[in-house]
Amino acid sequence: MTVKILPQSIAQAIAREASQPGATPLVRAKLARILTEAGYEGYEVADLFRTHPGHVLTLLACLGLTPEGQRMLDSGTLPERLGEAIAQLSPENQGIMLARWVRGEFASPDHATRYARIIQRDEQMAF
């Protein structure tokens with residue numbers, strides 16, 4: 001069991017902030033990171049956020065986006081699941097994927113996500 005450095009009451013207050021109507025995906029991601037760094041497990045954060053653990057992982061992954069990707073995520077032009085996939089890429093390939101997404105070169109977010117996963121595999125094989 002991991003030691004928690006924030007009491008439950010503060011963790012709940014942080015989770016309430018994440019559920020506010022104006023909370024952007026990036027704000028929710030940063031709040032989730034605060035809780036995980038304070039010793040809360042992903043499933044505990046999910047319980048506090050009233051979501052599923054996979055969504056918490058998606059939010060945390062989106063913190064790896066470049067600043068442009070983060071702006072697109074918060075403005076709603078980049079879907080969270082696609083942001084998660086793009087965040088796994090090098091900054092250069094993130095820029096390429098974001099530009100292609102903005103230009104409408106993919107049939108759907110799922111199509112773009114699959115393409116990002118292929119690039120991710122290629123990047124991993126190059127190292």
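The exercises below concern a predicted model of one chain.

**Exercise 1. Secondary structure**

Task: State how many helices and strands the chain has, and in what order its elements run.

Solution: Begin with the count, which is eight helices and zero strands. Then read the order from the N terminus: α-α-α-α-α-α-α-α.

**Exercise 2. Extent, burial and contacts**

Task: Describe the chain by its span, its buried share and the sequence separation of its contacts.

Solution: Start with the C-alpha trace, which spans about 45 × 35 × 20 Å along its principal axes. Next take burial: the chain has 127 residues, and 43% of them count as buried. Last, consider contacts with a separation of 6 or more; 55% of these join residues 24 or more positions apart.

**Exercise 3. Surface and charge**

Task: Give the accessible surface of the chain, and how far apart the mean positions of its positive and negative charges lie.

Solution: The accessible surface is about 7,300 Å². Carbon and sulfur atoms contribute 57% of that area. For the charges, count 13 positive and 14 negative. The mean positions of the two sets are 3 Å apart.

**Exercise 4. Arginine 50**

Task: Locate arginine 50, describe its phi angle, and decide whether the residue is buried or exposed.

Solution: First, place arginine 50 in the loop between α3 (42-49) and α4 (53-62). Second, note that its phi is near 55°, a positive value in a residue other than glycine. Third, apply the cut-off: exposed means over 50% relative accessible area. Arginine 50 counts as exposed because its relative accessibility is 79%.

Key
Residues are numbered from 1 along each chain as its sequence is written. This is a predicted model: local features need pLDDT of at least 70, side-chain atom pairs count only at pLDDT 80 or more; totals for chains, interfaces and linings use all residues. Side-chain values use heavy atoms; hydrogens and water are left out. Helices (H or I, at least four residues) and strands (E, at least two) are DSSP runs, numbered from the N terminus. Buried means under 20% relative accessible area, exposed over 50%, partly exposed in between (1.4 Å probe, protein chains only). Contact means heavy atoms within 4.5 Å. Accessible areas come from the Shrake-Rupley method with a 1.4 Å probe; for residues, only the protein chains shown count as cover. Lys and Arg count as positive and Asp and Glu as negative; His and the chain ends are not counted. The place of a charge is taken as NZ of Lys, CZ of Arg, CG of Asp or CD of Glu.
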